[in-house]
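Thank you for making time this morning. Please have the model open in front of you, and I will walk through a few places in it.

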Amino acid sequence: MALDSGTGTPPTVGDPASAGTPPRQGESAPPTAKRVPAERVHHGDTFVDDYEWLRDKDNPEVIAHLEAENAYTDARTEHLRPLRDKIFDEIKARTQETDLSVPARMGDHWYYSRSFEGKQYGVHCRCPIAGPDDWTPPRLAAGTDTEASAPIEIPGEQVLLDSNELAEGHDFFALGAFSISHDGALLAYSVDTVGDERYVLRFKDLRTGTALSDEVPGTAPGATWSLDGTHVFYQTVDESWRPDTVWRHRLGTPKEQDVKVFHEPDERYWVGVGATRSEKYLMIWVGSKITTEGWVLESDDPEGEFRVLLPRREGVEYSAEHAVIGGRDRFLVLHNDVVDGVKAENFVLADAPVDDPADLNILIPHRDDVRLEDIDCFADHLVLSYRRAALSRVAVWPLTSEGYGELRELEFGLELFAAGVGSNPEWNQPTLRLGVTSFITPVQVFDYIPATGELILRKEQVVLGGYDPNDYEQHRDWAVAEDGTRIPISLVWRKDGGDGGRAPKPLLLYGYGSYEASIDPGFSVSRLSLLDRGAVFAVAHVRGGGEMGRLWYEHGKTLTKKNTFTDFVACARHLVDTGITASDRLIADGGSAGGLLVGAVANLAPELFTGILANVPFVDPLTSILDPSLPLTVIEWDEWGNPLADKQVYEYMKSYSPYENVEAKDYPAILAITSLNDTRVLYVEPAKWVAKLRATKTGDAPLLLKTEMSAGHGGVSGRYEKWREVAFEYAWVLDTLGLAEVRPAPETVR
């Protein structure tokens, strides 16, 4: 295929080999972490860890080392400051900063969020419906009155929560719960101002605008109201950050009187709480990576006892939603239990009477090529979400007076796309809110009318500056792994580069490949700054993800985890061998578990890449998974294996761990980014990795570590700060690819 990426400039892309030269005269030398040998002994194997001392973030020496790394990174990237500023300006210029979401109806109001130019965070609002038959969301005017220089007024608008006010005086801010009571009178919300994902739960009377005195610190994100609005159910976490307990809080009473409703002692399981869309039941969900269990309670009896839906059985996962089928209350259950002697790996859909949930009747049988993912229930139709051929799908299933009608899959006319169910809080509504996007299609919000089949576009994400999707192209390609498995690759680039597609293109290859997470094609305003300078963006849909079904995930976890890494290498080699890119202009990109992926790939095939971009990378997995006291470790044993109890797992993990396998050889340029308050992947992992690389690797490719000193796993907060972080990363990417001096196609940003 031809990759005419098009930059609006001559086809030369610079000399990637010259990117990342040794420190210039006058530049400081990189920080060198001291060695403090510590032995780790398991299963007769002794590993000497010279940099484990960096784990103690209360040690002033550790903070000093991280700050020295930051100073070095600042010095080595100072020449990119103008480019960073330019990319930030491009993102800002393309973004409609004063904007609002498509309103969603709940009760007597339309609910939506607004953003304002110059404000970091969103504002949650509502306005009244026109009447009980009003299902057409108001087309609220966004933007500003240029003459008055003031935001346009929205008739009847009520500001429910302004995150900008809540964030004042804090370096970090995240909103957790945002839950409206069923009568629309009360709001439960929670905030995190540290980045450690422990929230303070607060309440507001929306009739008067006054804050209630109730306050519950140390909660997990999320809150669920009882039907009458007298109680709120919330979760707390244990010392390992595992949500393990559900509590019931009665408004107007002190926290000390809150009732422990449910506690899960098994450290492999997390706990969640919610309600069915029908508002008839409250649900508690208990889940490990491979097993789930539901508990149910009538929502009009908030002080009653939850009862188990289907008792947990090791290796069986299920979810359940309440529906009314032919006038009878039923639970619709997605599960992967054995059916007719065969494990339903990709799940089946069944229904059962609410008074006998074990009496399951199969509605949609198992298919090897279709992974059932979710079922949404409404008064007169069901919505099935599933995955086929590495793409997400949505089908609507009308309900009749006798039962089930004819299932209809929705079509969107795109080669690559992501489609999913949007905000649909009402049980009895004649519309279905959907979202659709692709690499080249800004997010589109539709209302589908099940009764007529009409698909109504309510909004398309505004991209300022003359964006035209016809200037870009997206495509699906396939690589072949070592074992013959075909691995999908999704690509996007800008057309009409002026070189006829002959030259290999600079390319950023992203991968994740864990937890059955699927990386679907989605639009990005900021990514245009790469594409318009001639870079190609690609996603390697490696095993360990969920793109091709449950077995795609199963064949990239525990003792098959190496498939994730070798699949990524196969994708990179395919892109090089087919002339789409070349190793001197190819960067591997991944974050969190994707950081493990690119860290492992750096050891496996460093010669294939000119750069590695690793965000909050899980690069010291064995040390973490060996320590049950660390956040979320025990829960992770179903994903990676338990190296404490199993020698085979220990040896296998040690054989691919990026940190353990650093060698004295040339590595690509590396930029690692982490956050001091990250509770999911601790900052110490990339800090140790970079320290060991500095002491071990050969060659002069630059090695940089950037630590956000007041952020968590998601990085900095606030949209402008996030844009600046993206601009920092993209400037490094462009510099490493030899594109730092290339001007973007001028017609895309004005």
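Let us begin at Val576, which, once its neighbours within four places in sequence are set aside, is in contact with Thr581, Ala582, Ser583, Leu586 and Leu608, where contact means heavy atoms within 4.5 Å. Val576 sits in helix α6, residues 562-577; helices here are DSSP runs of H or I of at least four residues, strands are runs of E of at least two, and both are numbered from the N terminus. One of those contacts, Leu586, is 10 residues away from Val576 in sequence and 8.7 Å away in space, C-alpha to C-alpha. Val576 counts as partly exposed because its relative accessible area is 22%, and the scale behind that word calls a residue buried under 20%, exposed over 50% and partly exposed in between, with a 1.4 Å probe and protein chains only.

Before going on, I should say that this is a predicted model, in which local features need pLDDT of at least 70 and side-chain atom pairs count only at pLDDT 80 or more, while totals for chains, interfaces and linings use all residues. Residues are numbered from 1 along each chain as its sequence is written, and side-chain values use heavy atoms, with hydrogens and water left out.

Leu586 also brings us to Leu509, since Leu509 has Leu586 among its contacts beyond four places in sequence, together with others including Phe568, Leu575 and Ala588. Leu509 is one of the residues that touch the most other members in the largest nonpolar core, which has 69 residues, and Leu54, Leu491 and Trp689 are also among them. A nonpolar core here is a set of buried Ala, Val, Leu, Ile, Met, Phe, Trp, Tyr and Cys residues joined through side-chain atoms within 4.5 Å. A second core, separate from that one, has 59 residues, including Phe378, Phe412, Phe417 and Phe439. As a general remark, nonpolar side chains tend to be buried together in soluble globular proteins.

Next come two strands. Strand β40, residues 586-591, runs parallel to β41 and is joined to it by 5 bridges, and pairing requires that DSSP find at least two bridges between two strands. Within this pair, Ala588 stands opposite Ile612 in β41. Is β41 mostly covered or mostly open? Strand β41, residues 611-615, is mostly covered, with 5 of its 5 residues buried: Gly611, Leu613 and Asn615 point one way, Ile612 and Ala614 point the other way, and all are buried.

In the loop between β41 and α8 lies Val616, which has a positive phi of about 35° although it is not a glycine. Val616 is classed as buried because its relative accessible area is 9%. Asp340 also has a positive phi, of about 55°, without being a glycine, and its place is in the loop between β24 and β25; with a relative accessible area of 77%, Asp340 is exposed. For background, most residues other than glycine have a negative phi.

Turning to Arg55, this residue lies in the loop between β2 and α1. Where along the chain is Val684, relative to Arg55? The two are 629 residues apart along the chain, yet their C-alpha atoms are separated by 5.2 Å. Val684 is among the contacts of Arg55 beyond four places in sequence, as are Asp620, Leu630 and Lys688.

Finally, the empty space. On a 1 Å grid over the protein atoms alone, a cavity is a set of points where a 1.4 Å probe fits but cannot get out, a pocket is an open set with protein on both sides within 12 Å along at least five of seven lines, and lining residues have an atom within 4 Å of a point. Volumes are the space filled by probe spheres set on the points, which are joined across faces, edges and corners. The second largest pocket holds about 1,200 Å³, and of its 46 lining residues the closest to the centre are Trp270, Lys289, Tyr515, Ile635 and Arg680. There are 2 cavities of 30 Å³ or more. The largest cavity has a volume of about 80 Å³, and its lining includes Trp110, Trp135 and Arg433. The second largest cavity has a volume of about 50 Å³, and among the residues lining it are Leu630, named earlier as a contact of Arg55, and Ile635, named just now for the pocket.
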